[in-house]
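Open the model in your viewer and keep a selection box ready. Each stop below says what to select and what is there.

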Amino acid sequence: MSDIHASVGSYVTHALSSGELDEFEDHLAGCDNCRQDVAEFNEAVAELSSSIAATPPPEIRTSVLHAIKDVRPLPAEVDETEHQARTEAKPQRVETETSSHRVAAGAEAATRRPDPEASNPPTAAHQTHDGPVDDLAIRRQRRANRLLTLAVAATTVIALALGGWVYTLNQDRQAQVSSAQLESRVLSAPDATVRTGVLENGARVSFVVSRSENKALFVADDLPPAGEGKKYQLWTIHGTQATADNLLDGGPVAKRWFAGDIENVSALGVTIEPESGSQTPTEPVLSVPI
Amino acid sequence: MSKRAAPDRTGESTSRTASESEPVASGRDAEALRLVELITLASHGHEEAFADLYDLTSARIYGVIWRVLRSADHAAEVTQEVYVEVWRQSARYAQEKGSVMAWMATMAHRRAVDRVRSVSSEVARDERYTLKNTERDVDQVWDGVEQSLDKERVHVGLASLTDIQREALTLAYFGGYTQSQVAQLLKLPLGTVKTRIRDGLIGLRDALGVGT
C-alpha cells in the first residue's frame with residue numbers, strides 16, 4: 001500500500017492516471033500539508049516557464065481575442081444550478097422596502113431617501129434612529145469621509161484604514177497588497193462611496209462602491225461565522241428585486257467583490273443563507289442604498 | 001474619467017507610499033500585482049485588460065505548451081483553448097490559491113498533457129520525449145533556469161536538485177508521461193519514481209525560494 005502523500009509531485013506535474021487522480025483529490029481535500037505542497041510546487045513549476053518562454057505566432061493572439069467575444073466570464077462561487085437560475089429565471093420580488101433593515105449610513109444617505117422605517121420589523125436588532133445610535137451613524141460617516149480623503153492620496157494605506165490589516169513579508173503580502181491596489185482604485189474613483197451597516201449578529205459591515213468603476217466590495221472586520229452549513233450571501237438590489245451574488249464565509253478580514261454589474265443597482269445587501277446559496281433571500285436583507 | 005485598464009506599471013510602483021510594514025515591491029512583485037488586477041478586470045468582462053494579460057503571459061504559457069507538445073499546430077490550438085478557459089474562469093481565480101501565473105501555468109500544462117496523451121498515436125514517436133533526447137533537453141532547460149535565477153536572486157542553487165530528480169521531473173512534466181510510464185521508461189519501481197519527482201519539486205521550490 002503506497003503512501004498517498006508521495007503522489008503529490010505526480011499530481012502537480014499531471015502525471016497521475018485518472019483513477020490515481022480521483023484518489024489523490026479525495027486525499028487532498030483533507031490534507032493541509034499536501035495542499036500547501038501543491039500550492040508551493042505550482043509556484044515553483046510556474047517559475048520554470050520563464051526559462052522556456054517562446055513567442056507564440058501572432059495569429060494566436062488574434063484568434064484568442066476574437067474567441068472571447070462570444071464567451072462571458074463565469075460568475076465566481078456560484079454553483080451551476082444557481083448560475084442557471086440567475087441567468088434564466090426572473091428574480092422574484094422581494095419586499096426590501098418594508099422587510100429589510102434600513103441602516104442610516106450617515107447623513108448623506110438619510111437625506112437622500114425618505115424614512116422607510118414607519119413599520120419597523122419586529123426582529124430588528126439594530127435600529128438606527130434616536131439616542132446613542134445617532135452617534136454611531138455620525139462616527140460611521142466620519143470614517144467614510146476619512147476613507148474618501150485618504151483615497152485622494154491613492155495609496156495602499158487605504159486598505160490599512162479599512163480594517164488595520166497587517167502586511168507581512170511572505171506570499172500573503174502579495175495577495176493583500178494587490179487587493180489593496182484594486183480597492184484604492186475603487187476608492188479613488190470620483191464617485192466612490194462607503195456605506196456601512198450592522199447585521200443582526202452585531203457584525204459591522206461596509207460596502208465600498210464606485211458606479212464608474214462598476215465595482216462594489218463587501219468588507220467586514222471580524223465577521224462572525226455564518227453558522228453550520230451556511231454562508232453569507234451578497235445581493236444586488238434593483239428596486240424591490242434582489243439578485244443573488246457572491247458567497248463568503250466569516251473571518252477576521254472578510255472581503256468579497258460583487259460579481260454583478262453595479263451601474264444600475266439601487267442598493268446592496270447581505271444575508272445568511274444555506275451554503276449552496278439561495279435564489280431569493282430567506283431572511284430580511286440588510287440592505288444599504290447606494 | 002477615461003476607463004483605462006489600469007495605471008501603468010511604473011506609475012503603480014512609484015506612487016505607493018512606503019509604510020513601516022510594507023516594503024517597496026520588486027519588479028516581479030509589481031508584475032504579479034498587475035496580473036491580479038488584469039484577471040479581476042477580465043472577470044468583469046474587460047477585453048482590453050484580458051489582451052494585456054495575454055501580452056504579459058503568452059510567451060511563458062506558450063513555452064510550457066510547446067515544450068510538452070513539440071508541435072506548433074497542436075501548441076497553437078491548446079494555447080487558444082487555455083486562454084479562452086482563463087477568460088471563462090477568470091472570476092474563479094482566488095489570490096489565496098496562489099499567483100495568477102501559477103494558476104494559468106497549471107491549466108496550460110494540464111491541457112497540454114491531455115492533448116499529448118490523446119494524440120500520441122498521431123505524433124511521431126521521435127517528437128515526444130524519449131530517454132535519448134531527455135539528456136540534451138534536461139541540460140538545456142535547467143541551464144536556462146540557473147541563468148535566470150542568478151540574475152535575480154541569491155539562493156542555494158540548484159545543487160540540491162540531483163540529476164536523477166531532474167530526469168524524473170523532466171519526463172513527468174515535459175514528457176507528459178504518467179508516473180507509471182516514467183517508471184517503465186526508467187525501469188524503476190513506482191515508489192522510487194514518485195519520490196524522485198516529489199523530491200525534485202522540493203529541491204526546485206527551495207532553490208527558487210517559494211514559500212516561507
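## Start with chain B

Select chain B: of its contacts between residues at least 6 apart in sequence, 66% join residues at least 24 apart. A contact here means heavy atoms within 4.5 Å. The structure is a predicted model, where local features need pLDDT of at least 70, side-chain atom pairs count only at pLDDT 80 or more, and totals for chains, interfaces and linings use all residues. Residues are numbered from 1 along each chain as its sequence is written, chains are lettered from A and ligands numbered from 1 in the order in which they are written, and side-chain values use heavy atoms, with hydrogens and water left out.

Colour chain B by secondary structure. You get 9 helices and 0 strands. The order along the sequence is α-α-α-α-α-α-α-α-α. Helices (H or I, at least four residues) and strands (E, at least two) are DSSP runs, numbered from the N terminus.

Now turn on the surface of chain B. Its accessible area is about 9,500 Å², and carbon and sulfur atoms hold 49% of that. Areas come from the Shrake-Rupley method with a 1.4 Å probe; for residues, only the protein chains shown count as cover. Of the 212 residues in chain B, 55% are buried. Buried means under 20% relative accessible area, exposed over 50%, and partly exposed in between (1.4 Å probe, protein chains only).

## Colour chain A by confidence

Switch to chain A and colour by pLDDT, the predictor's confidence in each residue, from 0 to 100. The mean for chain A is 71, and 61% of its residues reach 70 or more. Where is confidence lowest in chain A, and where is it highest? The low end is helix α8 (residues 157-161) of chain A, with a mean of 28. The high end is helix α1 (residues 8-12) of chain A, at 97.

Select residues 79-131 of chain A: pLDDT is below 50 here, and the stretch has 98 contacts in the model beyond near neighbours in sequence. Then select residues 144-177 of chain A. These also stay under 50, with 64 contacts beyond four places in sequence.

## Two helices that cross

Show helix α2 (residues 18-29) of chain A together with α3(A). Their axes lie 7 Å apart, at an angle of about 110°. Axes are lines fitted to C-alpha atoms, for helices over the stretch in contact, and angles run from 0 to 180 degrees between N-to-C directions. The two helices, α2(A) and α3(A), are therefore roughly perpendicular. The scale: under 35 degrees is roughly parallel, over 145 roughly antiparallel, 65 to 115 roughly perpendicular, and the rest oblique.

Show the side chains at the crossing. From α2(A), pick A:F24, A:H27, A:L28 and A:A29; from α3(A), pick A:C34, A:R35 and A:V38.

## Salt bridges

Side chains of opposite charge can pair when their charged atoms come close. A salt bridge is a side-chain nitrogen of Lys or Arg within 4 Å of a carboxyl oxygen of Asp or Glu. The whole structure has 17 of them over all chains.

Stay on α3(A). A:D32 and A:R35 form a salt bridge at 2.4 Å, N to O. Both sit in helix α3 (residues 32-51) of chain A, 3 residues apart, about one turn of the helix. A:D32 is exposed at 57%, while A:R35 is partly exposed at 37%.

Next, select A:E40 and B:R205, a salt bridge at 2.8 Å, N to O. A:E40 is in helix α3 of chain A and B:R205 in helix α9 (residues 190-208) of chain B, so this pair joins two chains. Are these residues buried or exposed? Both A:E40 and B:R205 are buried.

Then pick A:K69 and B:E47. Their closest N and O atoms are 2.8 Å apart. This bridge also crosses between chains, from the loop between α4 (58-67) and α5 (80-88) of chain A to helix α3 (residues 47-69) of chain B. A:K69 is exposed at 53%; B:E47 is partly exposed at 30%.

In chain B, select B:E77, B:E81, B:E85, B:R88, B:R111 and B:R115. Salt bridges link them in a network.

## Loop stops

Select A:H14, in the loop between α1 and α2 of chain A. A:H14 is not a glycine, yet has a positive phi of about 55°. A:H14 is buried, at 9%.

B:R70, in the loop between α3 and α4 (72-88) of chain B, is another non-glycine with a positive phi of about 55°.

Finish at A:G229, in the loop between β4 (215-223) and β5 (230-238) of chain A. A:G229 is partly exposed, at 34%. Not counting residues up to four places away in sequence, A:G229 touches A:E273, A:P274 and A:E275. Add A:S276: A:G229 and A:S276 are 47 residues apart in sequence and 8.5 Å apart in space, C-alpha to C-alpha.
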